[in-house]
Amino acid sequence: MRKRLWVLLCALSATTACAESAKDAVRALRNSIGNTQLVLKNFSGEDRVTATWTGTDFALAPPRWRTMGVLQMNSAKLSGSRLTLHCVRRVVVKDGRDQLVLYPEPSDVQIEIELGNGDPATVLPKIKDDLFFGSLGEAVAAIPKNRSTSVPARLDKSPVPVKAAVASSQPLCDCGVKADAGCAGDNSLSQGIVPPKFLTGNDPTLAGPVKHDSLIGHPSLNAHVTVGLIVDASGHPQQVWVLRPAGMEFDADAANAVLTYVFRPAMCHEKPVSVYLNVDVAF
């Protein structure tokens with residue numbers, strides 16, 4: 001009887017120690033990243049981000065759309081094997097002097113991290129390095145080359161033509177020439193290109209009834225969200241980025257609308273090709 005009681009007490013003691021160890025790990029994580037500018041390594045712009053412990057590191061789920069956003073963590077809660085980080089995101093833009101600033105309208109973000117069988121005390125310290133860039137400068141340097149001229153976007157509220165292609169400059173080369181190094185860039189700037197044509201797609205849902213009372217009368221209801229994408233050779237959007245934000249729910253609504261677009265693809269000498277495109281989604 002005494003032996004069984006001793007085993008039970010030991011088991012309870014071990015459980016309590018594990019729980020305290022997990023609380024300490026969450027507390028250490030809060031102290032580590034609570035006052036830090038955080039940029040997700042996959043540049044996800046979605047309001048719900050998921051990540052999973054693989055046994056060696058944390059892996060972010062591929063995002064449906066991206067933006068250059070800075071997160072500020074408000075809280076962290078561990079429930080079983082799931083850690084939830086509640087954050088606020090502000091998109092990074094450039095002001096009139098080309099300085100990086102944060103767009104004033106925030107959006108809420110929830111990051112759900114599945115730990116699986118990982119020991120919180122061991123794996124939680126890896127979250128900062130696995131999921132986030134080390135600095136804002138490091139994040140800017142990691143922006144894909146095909147978006148480095150448009151991300152971060154300039155905070156310019158002048159309207160952009162709806163569903164219009166990126167304005168062309170002096171053609172770099174013929175779109176059919178692959179050997180020329182100049183042809184490795186944006187096909188939409190090349191000779192011989194017929195731009196894509198918008199065929200169909202959903203309007204943003206916020207164009208209808210306002211979702212929340214807090215948005216009624218808000219000046220951003222007259223907003224334009226600029227979204228960059230690649231129209232692939234089948235006429236469908238790929239690599240969708242919110243370039244110029246409006247904040248709150250408008251960015252997600254604009255991106256989700258663009259993801260439904262279907263185009264007649266761009267043509268290079270009567271052959272369908274992928275091109276970059278910027279569209280303006282109006283509210």
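This is a guided tour of selected places in the structure, stop by stop, for a reader with the viewer open. The model is a predicted one, and every value quoted along the way is computed from it.

**Stop 1: the hairpin of β4 and β5**

Begin by selecting residues 69-79, which make up strand β4, together with residues 82-94, which make up strand β5; the two strands pair in the antiparallel sense over 10 bridges. They form a hairpin with 2 residues between them, and in the turn you will find G80, whose phi is positive at about 65 degrees. At the turn end of the selection, show S79 and R82 as well, since S79 stands opposite R82 in β5.

**Stop 2: the salt bridges of R82**

Keep R82 selected and add the side chains of E112 and E114. The side chains of R82 and E112 meet in a salt bridge with an N to O distance of 3.3 Å. Because R82 lies in strand β5 and E112 in strand β7 (residues 107-114), this pair ties together parts that are 30 residues apart in sequence. R82 also forms a salt bridge with E114, where the closest N and O atoms are 3.6 Å apart; here too the pair links distant parts of the chain, with R82 in strand β5 and E114 in strand β7, 32 residues apart.

Which of these side chains are buried and which partly exposed? R82 is partly exposed, with a relative accessible area of 37%, whereas E112 counts as buried at 10% relative accessibility, and E114 is partly exposed at 23%.

**Stop 3: R154, D98 and the wider set of salt bridges**

Now select R154 and D98, whose side chains meet in a salt bridge of 2.9 Å, N to O. R154 lies in strand β8 and D98 in the loop between β5 and β6 (100-102), so the pair ties together parts that are 56 residues apart in sequence. R154 counts as partly exposed at 44% relative accessibility, and D98 is likewise placed in the partly exposed class, at 37%. To return to the network around R82, add R48 to the earlier selection: salt bridges that share partners join R48, R82, E112 and E114 into one network. The structure holds 6 salt bridges in total.

**Stop 4: the cis peptide bond before β8**

From R154, step back along the chain to V151 and P152, which are joined by a cis peptide bond with omega at about -5 degrees. P152 is placed in the loop between α4 (136-141) and β8 (153-154). As background, most peptide bonds are trans, and most residues other than glycine have a negative phi.

**Stop 5: the sheet of β9, β14 and β15**

Select β9, β14 and β15, which form an open sheet of 3 strands in the order β9-β14-β15, with antiparallel pairing. The edge strands are β9 (193-194) and β15, each of which pairs on one side only. Between β9 and β14 the antiparallel pairing runs over 2 bridges, and the bridge partner of V194 in β14 is M267.

Continue to H269, in the loop between β14 (266-268) and β15 (271-273); its phi is near 50 degrees, a positive value in a residue other than glycine. E270 lies in that loop between β14 and β15 and has a positive phi of about 70 degrees although it is not a glycine. E270 is exposed, with a relative accessible area of 75%.

**Stop 6: the aromatic cluster at F43**

Turn next to F43, F133 and W241, which form one aromatic cluster. The structure holds 6 aromatic pairs, one of which is the tilted pair of F43 and F133, at 5.3 Å centre to centre and with 40 degrees between the planes. F43 lies in the loop between α1 (2-33) and β1 (48-53) and F133 in the loop between α3 (127-131) and α4, so the pair ties together parts that are 90 residues apart in sequence. F43 counts as buried at 6% relative accessibility, and F133 is buried as well, with a relative accessible area of 11%.

**Stop 7: A61 and its contacts**

Finish at A61, in the loop between β2 (58-60) and β3 (66-67), and show N42 and T50 beside it. What does A61 touch, leaving aside its neighbours within four places in sequence? A61 is in contact with N42 and T50. The C-alpha atoms of A61 and T50 are separated by 5.7 Å, although the two residues are 11 residues apart along the chain. A61 is partly exposed, with a relative accessible area of 30%.

How values were computed:
Residues are numbered from 1 along each chain as its sequence is written. This is a predicted model: local features need pLDDT of at least 70, side-chain atom pairs count only at pLDDT 80 or more; totals for chains, interfaces and linings use all residues. Side-chain values use heavy atoms; hydrogens and water are left out. Helices (H or I, at least four residues) and strands (E, at least two) are DSSP runs, numbered from the N terminus. Buried means under 20% relative accessible area, exposed over 50%, partly exposed in between (1.4 Å probe, protein chains only). Contact means heavy atoms within 4.5 Å. Two strands pair if DSSP finds at least two bridges between them. Rings of Phe, Tyr and Trp (its six-membered ring) pair if their centres lie within 6.5 Å; planes under 30 degrees apart count as stacked, over 60 as edge-to-face and the rest as tilted. A salt bridge is a side-chain nitrogen of Lys or Arg within 4 Å of a carboxyl oxygen of Asp or Glu.
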